[in-house]
Amino acid sequence: MPQRRLTNENAIFSLWLNWTMSIGALTLPAFLSLFIAKLWIPLVTFGVMGLLILFNNTDRKYKAASCDLIPMICIRSLGFSAIIMMVICIAYTRGIINRFYDEALLNERIPYITILVIAPVVLVVCCWAVIMGKKTSICRSCTIKYGTASERGFLGKLFHQESSYQIWFLLIMAIVISIVSWIYYGVFYVNVNMNTPDHFFFNWLPTILFGISVIYLGMRYFTLWGYYYQNVEGSAQRHGASSCLRFIIICDEQVLLHRAEEFYDIPDQNKFDTPATLFRSYSERITPKEATVAFCDLSNLQETDFTLRFMYTSNDANGECNAFHYICCLENKDLIKQSQLRGKWYSLSQLQRLLYNHDLSPLMATEIHRLYTITMAWKTYDSEGRRLYKVKNYRPAFRLNGICDWDVDFNSPQWLQVARFNEDKPFFKIRRFWKKRISGEK
């Protein structure tokens with residue numbers, strides 16, 4: 001039996017904990033400005049940001065079953081807000097602001113209102129995250145380290161769904177607070193002192209909305225936990241601990257795919273996938289010999305009919321199940337006719353069309369994407385990300401022929417990093433120096 005890294009119940013409630021800590025950190029500077037002078041709020045904001053970074057970077061055992069997107073949005077929002085507030089304070093203390101505004105209209109005791117800075121910044125950062133989608137640096141790093149949502153099973157899909165929901169929820173909150181606070185500021189606020197209505201709109205309203213959001217999401221995740229605990233379809237408990245063997249069957253420049261028409265009404269079950277998939281009891285490791293024997297039993301082919309090479313291993317979020325992905329290179333396409341496998345051969349252009357139209361199963365799409373990404377990175381750059389050819393943005397042709405003999409490790413995240421960070425990217429040398437000398441990354 002595998003060792004469970006995290007119970008699914010705790011993983012679901014970690015969504016609520018992430019939200020509470022992150023949004024609480026965003027709200028805290030606005031609330032503390034009731035008691036602390038504005039001159040010190042930027043330092044307080046930096047301090048809160050540091051505590052949130054400490055919480056997010058704590059050596060949690062369950063990183064694969066958590067989503068850091070909301071904490072990172074809040075960390076960046078706090079950092080940008082603190083910088084803006086510090087610039088405003090410097091502009092006041094140095095008299096720079098007097099060049100742009102009548103001194104009679106200014107109040108040095110209230111150089112800015114905290115929520116009027118934080119809310120718009122959160123709005124901008126959330127919009128950026130929505131536009132970038134899966135291309136944000138935190139999402140790319142998570143995919144490289146732990147795999148895609150489909151590879152991480154039930155919890156992976158749940159975290160992908162809920163992170164998107166939380167971003168939109170935070171975006172709506174930021175829009176509401178920004179509009180309400182700025183309208184009140186423009187219509188009713190007088191820059192002399194802070195009265196009771198001012199405190200309500202600028203300090204208490206964000207705190208109240210934060211409390212409401214915590215209660216609402218707590219109820220939401222309690223309901224999700226109850227739904228999961230009933231052993232619903234899609235839950236990892238439905239199948240128990242298991243290992244999956246998946247074989248991508250290739251011959252020349254074509255891939256064998258099969259479509260399960262009998263599951264037409266079940267989402268993701270009627271898409272094109274490899275016809276060679278096998279489930280067995282959980283194993284932390286499956287040797288190439290075991291994989292070869294399993295494929296022979298599954299396909300009724302002989303060992304001399306194909307060449308098998310290991311591709312990579314993926315694990316679900318709670319550590320109960322794993323998958324071993326293999327590439328199978330057939331000597332002849334006609335061998336399929338005498339095997340137990342059923343499917344149709346698809347060329348690379350047809351495969352690209354299926355991928356573009358979302359007609360491949362999530363796992364098959366992930367496998368093809370990984371295969372293409374690592375292959376192109378290996379053909380174009382060395383392991384340090386430097387170009388192999390002295391032609392900027394040159395891309396060699398993508399081919400499958402001979403893939404079982406290539407000297408490239410599809411299981412290594414290094415090539416995924418190279419595909420993301422290489423000599424064709426802007427400021428490559430500066431960023432590489434920063435990663436090695438400052439961040440300590442390899």
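The following questions and answers concern the side-chain contacts and local features of a predicted model.

Student: Is helix H10 largely enclosed by the rest of the structure or exposed, and how many of its 19 residues are buried?

Tutor: Helix H10 covers residues 362-380 and reaches 27 Å from its first C-alpha to its last, close to the 27 Å expected at 1.5 Å a residue. Burial is the criterion for enclosure here, and H10 is largely enclosed by the rest of the structure because the number of its 19 residues that are buried is 14.

Student: Which residue of helix H10 forms a salt bridge with Arg246?

Tutor: Arg246 belongs to strand E1 (residues 242-251), and its partner lies 121 residues away in helix H10. Both residues of the pair are buried. The N to O distance is 2.7 Å, and the partner of Arg246 is Glu367.

Student: Over which ring does the charged end of Arg370 sit?

Tutor: Helix H10 spans residues 362-380, a range that includes Arg370. The charged end of Arg370 is 4.2 Å from the centre of the ring in question, which is that of Tyr312.

Student: Are the rings of Trp19 and Phe169 stacked or edge-to-face?

Tutor: The whole structure contains 19 aromatic pairs. In the pair of Trp19 and Phe169 the ring centres are 5.4 Å apart and the planes meet at 10 degrees; planes under 30 degrees apart count as stacked. Trp19 is in helix H1 (residues 8-32) and Phe169 in helix H6 (residues 153-187), so the contact ties together parts that are 150 residues apart in sequence. The pair is therefore stacked.

Student: Is Trp19 buried or exposed?

Tutor: A residue is buried when its relative accessible area is under 20%. Trp19 has a relative accessibility of 0%, so Trp19 counts as buried.

Student: What is the geometry of the aromatic pair formed by Trp182 and Tyr185?

Tutor: Both residues lie in helix H6, three residues apart, which is about one turn of the helix. Residues three or four places apart in an α-helix point the same way, because such a helix has 3.6 residues a turn. Trp182 is partly exposed at 41% relative accessibility, and Tyr185 is partly exposed at 33%. With centres 5.5 Å apart and planes at 75 degrees, the pair of Trp182 and Tyr185 is edge-to-face.

Student: Which residues form one aromatic cluster with Trp182 and Tyr185?

Tutor: Trp182 and Tyr185 are themselves an aromatic pair. The other members of their cluster are Tyr184, Phe188, Tyr189, Phe200, Phe201 and Phe202.

Student: Which residue forms a salt bridge with Arg220?

Tutor: The structure holds nine salt bridges. In the one formed by Arg220, the closest N and O atoms are 2.9 Å apart, and the partner is Glu162. Arg220 lies in helix H7 (residues 196-229) and its partner in helix H6, so the bridge ties together parts that are 58 residues apart in sequence; that partner is Glu162.

Student: Which of the two residues, Arg220 or Glu162, is buried?

Tutor: Arg220 has 23% relative accessibility and therefore counts as partly exposed. At 0% relative accessibility, the residue that counts as buried is Glu162.

Student: How far from the centre of the ring of Tyr165 is the charged end of Arg220?

Tutor: Besides its salt bridge with Glu162, Arg220 makes a contact with an aromatic ring. Its charged end sits over the ring of Tyr165, at a distance from the centre of 3.8 Å.

Student: How far apart are the N and O atoms in the salt bridge of Asp382 and Arg386?

Tutor: Asp382 is partly exposed at 21% relative accessibility, and Arg386 is partly exposed at 36%. Their side chains meet in a salt bridge with an N to O distance of 3.3 Å.

Student: What is the area of the nonpolar surface patch that includes Leu43?

Tutor: Leu43 lies in helix H2 (residues 41-57) and is partly exposed, with a relative accessible area of 48%. The patch is made by Leu43 together with Leu39, Trp40, Met86 and Ile90, and its area is about 490 Å².

Student: What is the phi of Asp252?

Tutor: Asp252 is found in the loop between E1 and strand E2 (254-259). The residue is partly exposed, with a relative accessible area of 48%. Although Asp252 is not a glycine, its phi is positive, at about 55 degrees.

Conventions: Residues are numbered from 1 along each chain as its sequence is written. This is a predicted model: local features need pLDDT of at least 70, side-chain atom pairs count only at pLDDT 80 or more; totals for chains, interfaces and linings use all residues. Side-chain values use heavy atoms; hydrogens and water are left out. Helices (H or I, at least four residues) and strands (E, at least two) are DSSP runs, numbered from the N terminus. The expected span of a helix is 1.5 Å times one less than its number of residues. Buried means under 20% relative accessible area, exposed over 50%, partly exposed in between (1.4 Å probe, protein chains only). Rings of Phe, Tyr and Trp (its six-membered ring) pair if their centres lie within 6.5 Å; planes under 30 degrees apart count as stacked, over 60 as edge-to-face and the rest as tilted. A charge sits over a ring if NZ of Lys or CZ of Arg is within 6 Å of the ring centre and within 35 degrees of the ring normal. Patches are made of residues with over 30% relative accessible area and no salt bridge: like charges are joined within 9 Å, nonpolar side chains (Val, Leu, Ile, Met, Phe, Trp, Tyr) within 5 Å. Accessible areas come from the Shrake-Rupley method with a 1.4 Å probe; for residues, only the protein chains shown count as cover. A salt bridge is a side-chain nitrogen of Lys or Arg within 4 Å of a carboxyl oxygen of Asp or Glu.
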